Amino acid sequence: MTKLLFVGDPGIDDAVAISCAARWCDLVGIVATHGNAPADATARNALALCELVGLAVPVARGCARSIMGEPASSGAALHGGAGIAGAPLAEPKGELDPRPGVDLLIETARAHAGELVVALTGAHTDLALALRLEPHLASWLRAITVMGGTAGIGNARPMACLNILADPEAAAIVAAAGVPLLWIGYELTRTVLLGEAELARLEAGGRVARTMAGALRFYRERYRRIYGIDGAPIHDALAVLAVAPPERVPPGVLRFEPTSLEVVCTHGPARGMTIVDRRGIRAPDELPPDRRPLPPNVHYAVEIDRRAAVEAVVEALVSLR
Ligand code: BDR
Ligand code: CA
């Protein structure tokens, strides 16, 4: 069973991802950071969600702003102002873990050295700071699975995705960390959608599935209105799916290729873009040095079995009570 620490910004699709992690993985903690909503709100959402799903894991609040201190971005247009609109989550009864998210990250990785996978589905601020603070962290992590960036179309900007634009300098640190990285871009996740049939199945399920259905209906409506996309995307759940054990999710649903990925940290219209080398160059030596691919630093998702991915997510949600 994959030992997973979830670092995200719940967020509707983050909430789906956490629920899937509860079903597929050994979830050992959550760091709730800025992105879709302020960190206070995402932390409250994470706690409320844990209580709904019956997860007794530490939930720590992550950073409120990017490393460079830019004003926190917002996903209110898609997720509602408090981060998970459409789902009546009860006010949490439990308390947040007293540690800052960076400390929870480091201590959890130390405790599970060699085993821990970090699922990164919000801003990269906390993981980047943790990597800087604890020089052994990179060697303790088994892998990082990221939903973010894009090799094509973006959401926050024409060619940039919110999770990277929220803190490009942090994302650049993560991309260069030297930890095995599975990286799933927005150009792919925007095509994996729950439609009416899947939402109806969730509505016929238990409390968790029904709550997710409410949020996903809201999400679908917002995606339809803003981007003309017909369906509720499950972006962040795909980062968890990528590391789910084969007894939970059939292997081969996602296909990755070793690729170089650079984060654009300049200010201006390209800020937050990810440059993913998809040229498929076979003979780099025959190119002038400045046109050769950089050494691969990520495994980038290039193909997905959409039907299998959607089925796995729906099955996970309806199996939770
Ligand atoms: C990403 O942006 C956020 O709004 C979602 O939660 C997801 O992590 C999709 O680009
Ligand atoms: Ca997210």
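Which side chains does a polar contact of 2.8 Å join? I began with this pair, keeping in mind that the model is predicted, and found that the contact runs between the side chains of Asp97 and Arg99.

**Entry 1: Asp97 and Val59**

I placed Asp97 in the loop between α3 (76-79) and α4. Its relative accessible area is 16%, and because the cut-off for buried is under 20%, I noted Asp97 as buried. Setting aside neighbours within four places in sequence, I listed Pro58, Val59 and Ala60 as the residues in contact with Asp97.

I then followed Val59, which lies in strand β3 and is buried at 2% relative accessibility. Beyond four places in sequence, Val59 is in contact with Ile30, Ala43, Ala46, Leu47, Cys50, Leu96 and Asp97, so that I met Asp97 again from the other side. I also looked up the distance from Val59 to Gly8, and the C-alpha atoms are 11 Å apart in space, although the two residues are 51 apart in sequence.

**Entry 2: the calcium ion**

Which residues coordinate the calcium ion (ligand 2)? I found Asp9, Asp14 and Asp236 giving OD atoms, with Asp14 listed twice, and Thr121 giving its O atom, at 2.3 to 2.6 Å. Along the sequence I wrote the spacing of these donor residues as D-x4-D-x106-T-x114-D. Asp9 sits in the loop between β1 (3-8) and α1 (12-24), while Thr121 sits in the loop between β4 (117-120) and α5 (125-133), so this pair ties together parts that are 112 residues apart in sequence. I checked burial as well, and both Asp9 and Thr121 are buried.

In the loop between β1 and α1 I also came across Gly11, and the peptide bond from Pro10 to Gly11 is cis, with omega near -10°. I made a note of this bond, because most peptide bonds are trans.

**Entry 3: ligand 1**

How many residues are around ligand 1? I counted from the list 13 residues, of which Asp13, Asn36, Asn155, Asn163 and Asp236 come nearest; Asp236 is also a donor to the calcium ion. For the side chain of Asp13, an N or O atom is 2.6 Å from an oxygen atom of ligand 1, and for the side chain of Asn36 the value is again 2.6 Å to an oxygen of the ligand. The side chain of Asp14, which also coordinates calcium, has an N or O atom 3.0 Å from an oxygen of ligand 1. On its own, ligand 1 has 280 Å² of accessible area, and the protein covers 99% of it. I looked for the elements that give two or more residues to this shell, and they are α1, α7 (162-165) and α12 (235-241). By class, I recorded four nonpolar, six polar and three charged residues in the shell.

From this shell I took Asn155 for a further look, and I found it in the loop between β5 and α7, where it counts as buried at 17% relative accessibility. The side chain of Asn155 reaches the backbone nitrogen of Leu162 at 3.0 Å. Not counting neighbours within four places in sequence, Asn155 is in contact with Ala160, Cys161, Leu162, Tyr186, Tyr223 and Tyr227.

**Entry 4: helices α4 and α5, and strand β4**

What covers the buried residues of α4? I first noted which they are, namely Gly101, Val102, Leu104, Leu105, Ile106, Thr108 and Ala109, within a helix of residues 101-111. The cover includes β1, β2 (26-32), β3 (59-61), β4, α5 and α6 (137-140).

For α5, I noted Thr125, Asp126, Leu127, Ala128, Ala130 and Leu131 as buried, and what covers them includes β2, α4, β4, α6, β5 (143-147) and α8 (168-175).

Since β4 appears in the cover of α4 and in that of α5, I ended with Val117, which has its place in this strand. Val117 is buried at 1% relative accessibility, and it touches Thr2, Lys3, Leu4, Leu5, Arg142, Ala143, Thr145 and Val243, not counting residues up to four places away in sequence. Between Val117 and Leu27 I found a C-alpha to C-alpha distance of 9.7 Å, with 90 residues separating them in sequence.

Conventions: Residues are numbered from 1 along each chain as its sequence is written. Chains are lettered from A and ligands numbered from 1 in the order in which they are written. This is a predicted model: local features need pLDDT of at least 70, side-chain atom pairs count only at pLDDT 80 or more; totals for chains, interfaces and linings use all residues. Side-chain values use heavy atoms; hydrogens and water are left out. Donors are N, O and S atoms within 2.8 Å of the metal (3.2 Å for Na, K and Ca); water is not among the atoms, so sites may look incomplete. Helices (H or I, at least four residues) and strands (E, at least two) are DSSP runs, numbered from the N terminus. Buried means under 20% relative accessible area, exposed over 50%, partly exposed in between (1.4 Å probe, protein chains only). Contact means heavy atoms within 4.5 Å. A residue is near a molecule or strand if one of its heavy atoms lies within 4 Å of it. A polar contact is a pair of N or O atoms within 3.5 Å; within protein, one must be able to donate a hydrogen and the other to accept it, and residues adjacent in sequence count only if both atoms are side-chain atoms. Accessible areas come from the Shrake-Rupley method with a 1.4 Å probe; for residues, only the protein chains shown count as cover. Ala, Val, Leu, Ile, Met, Phe, Trp, Tyr, Cys and Pro count as nonpolar, Asp, Glu, Lys and Arg as charged, and the others, Gly among them, as polar.
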